[in-house]
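Q: I am new to this structure and would like a close look at a single part, the place where the chains meet, together with the helices around it. Please take me through it slowly and explain the terms as they come up.

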Amino acid sequence: MVFGAVLIWGLGWWVNVQLAKGSFADHRGVQLLVPAIFGVTLVLIWELLVRGLEVPLVILPAPSVIALRFGSSLDLLWADFSQTILKGALGGYVIGCSAALGVAVLVDRSEFLRRGLLPVGNFVAALPIVGTAPILVMWFGFDWQSKAAVVVVMVFFPMLVNAVAGLRETSALQRDLMQTYAASYGQSFFKLRLPAALPFIFNGLKISTTLALIGAIVAEFFGSPTVGMGFRISTSVGQLALDMVWAEIVVAALAGSAFYGLMSLIEKQATFWHPSQRRGRN
Amino acid sequence: MKTLFSVLTVIAVIVAVWYAACVPMNIKGVLDQVERGGAVVVPETPKARRDASAFGLVVNNAFAIAEVWSVERPRLPAPHQVAVELWNTAVEKKISSKRSLIYHGKVTLSATLLGFAIGTGLGILLAVGIVHSKVMDMSIMPWAIVSQTIPIIALAPMIIVVLYSIGVQGLLPKAIISAYLSFFPVVVGMVKGLRSPDAMQLDLLHTYHASAAQGFWTLRLPASMPYLFASLKIAIAAALVGAIVGELPTGAVAGFGARLLAGSYYGQTVQIWSALFAAALLAAGLVALLGLMERQILKRMGEGS
């Protein structure tokens, strides 16, 4: 089995080398195929090594075991998913990001506020904000409201910093043009500054997706009802049911990637004009 | 100068809001306390007070407002309480004492730095590989980006338990989580940096008949420095978060994470806030240190402004 793993590794790598060197290397299909082969190889090696070396379940379960557990406890995983992701993370994400956007628009109107808030915002964005989780759990109780609160605090400052930076993105020339049109604040905001800020805003939105999931899961380590992904992970670790832990991690990974992918998709639609979204070589 | 003034104003406003917020947050606890002391409180039973709104309580019991900033276990401690606790536990206590924040800080810091060193080392190596090998680029880079979207921290408790079951404990499990978190920012930033020389510069080296190694040492590596430092700053903050979160699930006995956890178990809010601020100071210090190094190194290289 171990020998098989080495063989598969060699085979997968060889195929990828051929694909990368081949004449279709710039083709869209090949660019998706190569990482897919790499991923499948890794999972196969994992499976073979775990079986071949007889690694006990409490250290590392094989992918097949995880898949079985995943399939057999869909109800439980769905309950955890809706508790942690749909209620905690998404609720906090929406509140936090819209609050940050609102504050960014206010801050942008005042030079003084911008000077003062931006350094503070930058500073706070670099801090270990997950640490506020115990405090917020104490204030808002064990249910999803406290998780959403942690998420709000976590996404607020990265979002604010990005949005404020984005709203400053227009050049003096463009603003002057708007002035010569006698555009009101609202007109120049919606026609010029907001579109110009969109790439930055989406950058903030994308960073925040990961932060939202982290916040919602970590907050559950400090107390939660008997449902939720963080709760399930910490109790399953206690019971050494590592297949369950891995199933939750698969859910988290899928949710995180889907969330991020969704944001990138909306970004592509909304900022199709931006150089980074244009097709072709660069 | 103008910026400093604005920043100070914003901070002053935040502190003022904080003090004001203490009043409605703490009023119930204060009223319970003064009632036990024999004072007359307007809704008389604690049960009636539980349903009353905090602002109504403040208006009806204005005499108790002075107390809200000096409660022993407040829901929201006042800034000066946190500052006093910080001073007491960081400066007054002996460093070897278990209640000294410096002691806990050292535990967290050592895990952070070890993880940061492992993570950035591996990250730079992988980035070099990705830049020089097209296969690695095509097969690993998409996964590196996808893995950014996964809440890696969810893995923390498992990593610790698994390592414990094979006999590794102490510093290393936390450092591994830190390394994991600081790894990907470095890979992504470093790949960008190593690719930052433009075609003209690469062509110039080509005309010199420079080998790949020479091109790496004389062009790519120096060109990547600004990118490297930008991602190192993100990475060290992430490493600190990793170390703190790594201390949570084990019920660790030392470190900022352990302080947070113990504080939340025993309702010691002041302790939680002081640990939080200590962690914030540590993060700010580490980032500032890297910023200083960045300025020095870039200046030596003739790139600083």
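A: Two residues are said to be in contact if their C-beta atoms, placed from the backbone, lie within 7 Å. The model is a predicted one, in which local features need pLDDT of at least 70 and side-chain atom pairs count only at pLDDT 80 or more, while totals for chains, interfaces and linings use all residues. Residues are numbered from 1 along each chain as its sequence is written, and chains are lettered from A and ligands numbered from 1 in the order in which they are written.

With that meaning of contact, 47 residues of chain B touch 48 residues of chain A. The helices named here are DSSP runs (H or I, at least four residues), numbered from the N terminus. On the side of chain B that touches chain A, at least two residues each come from α1 (2–36), α6 (134–148), α7 (156–165), α10 (212–247), α11 (256–266) and α12 (269–300) of chain B. Of these, α6(B) gives the most, with 9 residues. Sorted by class, this side of chain B has 34 nonpolar, 10 polar and 3 charged residues, where Ala, Val, Leu, Ile, Met, Phe, Trp, Tyr, Cys and Pro count as nonpolar, Asp, Glu, Lys and Arg as charged, and the others, Gly among them, as polar.

One of the contributing helices, α1(B), has 35 residues and reaches 51 Å from its first C-alpha to its last, close to the 51 Å expected at 1.5 Å a residue, the expected span being 1.5 Å times one less than the number of residues. At B:N26, α1(B) bends by about 55 degrees; the bend is the angle between axes fitted to the seven residues ending there and the seven starting there. B:N26 is also one of the buried residues of α1(B), which are B:S6, B:C22, B:N26, B:I27, B:V30 and B:L31. Buried means that 20 or more other C-beta atoms lie within 10 Å of a residue's own, exposed that 12 or fewer do, and partly exposed is in between, with C-beta atoms placed from the backbone. The cover over the buried residues of α1(B) comes from both chains, and includes α5 (111–125) of chain A together with α2 (46–51) and α3 (54–60) of chain B. Just after α1(B), B:G38 takes a positive phi of about 105 degrees.

From chain A, helix α6 (residues 133–140) offers a matching view, with A:A133, A:P134, A:I135, A:L136 and A:V137 buried. Among what covers these buried residues of α6(A) are α7 (144–167) and α9 (185–220) of chain A, together with α11 and α12 of chain B. After α6(A) comes A:G141, whose phi is positive, near 85 degrees.

Another contributor, α7(B), also packs within its own chain: its axis and that of helix α8 (residues 171–194) of chain B come within 9 Å and cross at roughly 145 degrees. Here axes are lines fitted to C-alpha atoms over the stretch in contact, and angles run from 0 to 180 degrees between N-to-C directions. The contact is made by B:A156, B:I159, B:I160 and B:L163 of α7(B) and B:L172, B:P173, B:I176 and B:I177 of α8(B). These residues divide into 8 nonpolar, no polar and no charged.
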